[in-house]
Amino acid sequence: MNKPVPSEQLLQLAAEVTSRGGHFTFTATGHSMYPAIAHGDGVILGPLPKGGARVGDVVLVGTGNGPRLHRVVSLDPALITRGDAEQGPGEHIRPEAVCGRVVRVKRPLRRWISPRFWLATLRRLYSRKVS
């Protein structure tokens, strides 16, 4: 079972792993990036490209309020990030506060339905007589 990691430790671990070219996996909390990233989704963080973050990238940043997964919305004149579900101008971020970018989101299967259920449903639908 995975144990929660304190915010500061999460940022340090993510920055260290991605700065060495590795990938860092953690579970997202909160709703600021919904629907792209939902509360409970697994997030795989990778290193930034050589030129740094690009507009449209979802990045993990360290802010005064703790770690944030937000989308880069502007690079001119400063790095500005904002959650997809948020309104407003976004947050100005120091480029060195970016720990890595999201390379994959793993959404847990909320409800698994058996293929047999789908087959039975299709058979019932197609076996009905049309009047």
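Mentor: Let's start with a rule: two strands pair if DSSP finds at least two bridges between them. Keep in mind that this is a predicted model.

Trainee: Okay, so why do we say that strand 2 and strand 7 pair?

Mentor: Strand 2 (residues 42-46) and strand 7 (residues 98-106) share five bridges, in the antiparallel sense. The cut-off is at least two bridges, so the five found here qualify them as a pair. One spot to look at is Val 43, which stands opposite Val 105 in strand 7.

Trainee: What makes strand 3 and strand 7 a pair?

Mentor: Apply the rule again. Strand 3 (residues 58-63) meets strand 7 over three bridges, antiparallel too, and at least two are needed, so they pair. Here Val 59 sits opposite Arg 101 of strand 7.

Trainee: And how do you know that strand 1 and strand 2 pair?

Mentor: Four bridges link them in the antiparallel sense. Since the threshold is at least two, strand 1 and strand 2 pass. Phe 24 has Leu 45 in strand 2 as its bridge partner.

Trainee: While we're on strand 1, which side chains there are buried, and which are not?

Mentor: They alternate along residues 24-27. Phe 24 and Phe 26 point to one face and are buried, whereas Thr 25 and Thr 27 point to the other and are not.

Trainee: Why is Ser 74 called buried?

Mentor: Its relative accessible area is 17%. Buried means under 20%, so Ser 74 makes the cut. You'll find Ser 74 in strand 4 (residues 66-74), touching Val 55, Leu 79 and Ile 80 once residues up to four places away in sequence are set aside.

Trainee: What makes the Ser 74 side chain and the backbone oxygen of Asp 76 a polar contact?

Mentor: A polar atom of the Ser 74 side chain lies 3.1 Å from that oxygen. The limit is within 3.5 Å, so the pair counts.

Trainee: Why is Arg 107 called partly exposed?

Mentor: Arg 107 has a relative accessible area of 43%. Buried means under 20% and exposed means over 50%, so 43% falls in between. Arg 107 is in the loop between strand 7 and helix 2.

Trainee: What does Arg 107 touch?

Mentor: Leaving out residues up to four places away in sequence, Arg 107 touches Pro 35, Ala 36, Ile 37, Ala 38 and Asp 41. A polar atom of the Arg 107 side chain lies 3.1 Å from the backbone oxygen of Pro 35, and the backbone oxygen of Ala 36 lies 3.5 Å from a polar atom of that side chain. Arg 107 and Val 43 are 64 residues apart in sequence, yet 8.6 Å apart in space, C-alpha to C-alpha.

Trainee: How do you know that Leu 122 can belong to a surface patch?

Mentor: Leu 122 is partly exposed, with a relative accessible area of 42%. Patch residues need over 30%, so Leu 122 clears that bar. Leu 122, which lies in helix 2 (residues 115-127), joins Leu 125 and Tyr 126 in a nonpolar patch of about 370 Å².

Trainee: What does the secondary structure come to overall?

Mentor: Two helices and seven strands, in the order α-β-β-β-β-β-β-β-α along the sequence. Buried residues make up 31% of the 131 residues. The accessible surface is about 9400 Å², with 54% of that belonging to carbon and sulfur atoms.

Key: Residues are numbered from 1 along each chain as its sequence is written. This is a predicted model: local features need pLDDT of at least 70, side-chain atom pairs count only at pLDDT 80 or more; totals for chains, interfaces and linings use all residues. Side-chain values use heavy atoms; hydrogens and water are left out. Patches are made of residues with over 30% relative accessible area and no salt bridge: like charges are joined within 9 Å, nonpolar side chains (Val, Leu, Ile, Met, Phe, Trp, Tyr) within 5 Å. Accessible areas come from the Shrake-Rupley method with a 1.4 Å probe; for residues, only the protein chains shown count as cover. A salt bridge is a side-chain nitrogen of Lys or Arg within 4 Å of a carboxyl oxygen of Asp or Glu. Buried means under 20% relative accessible area, exposed over 50%, partly exposed in between (1.4 Å probe, protein chains only). Contact means heavy atoms within 4.5 Å. A polar contact is a pair of N or O atoms within 3.5 Å; within protein, one must be able to donate a hydrogen and the other to accept it, and residues adjacent in sequence count only if both atoms are side-chain atoms.
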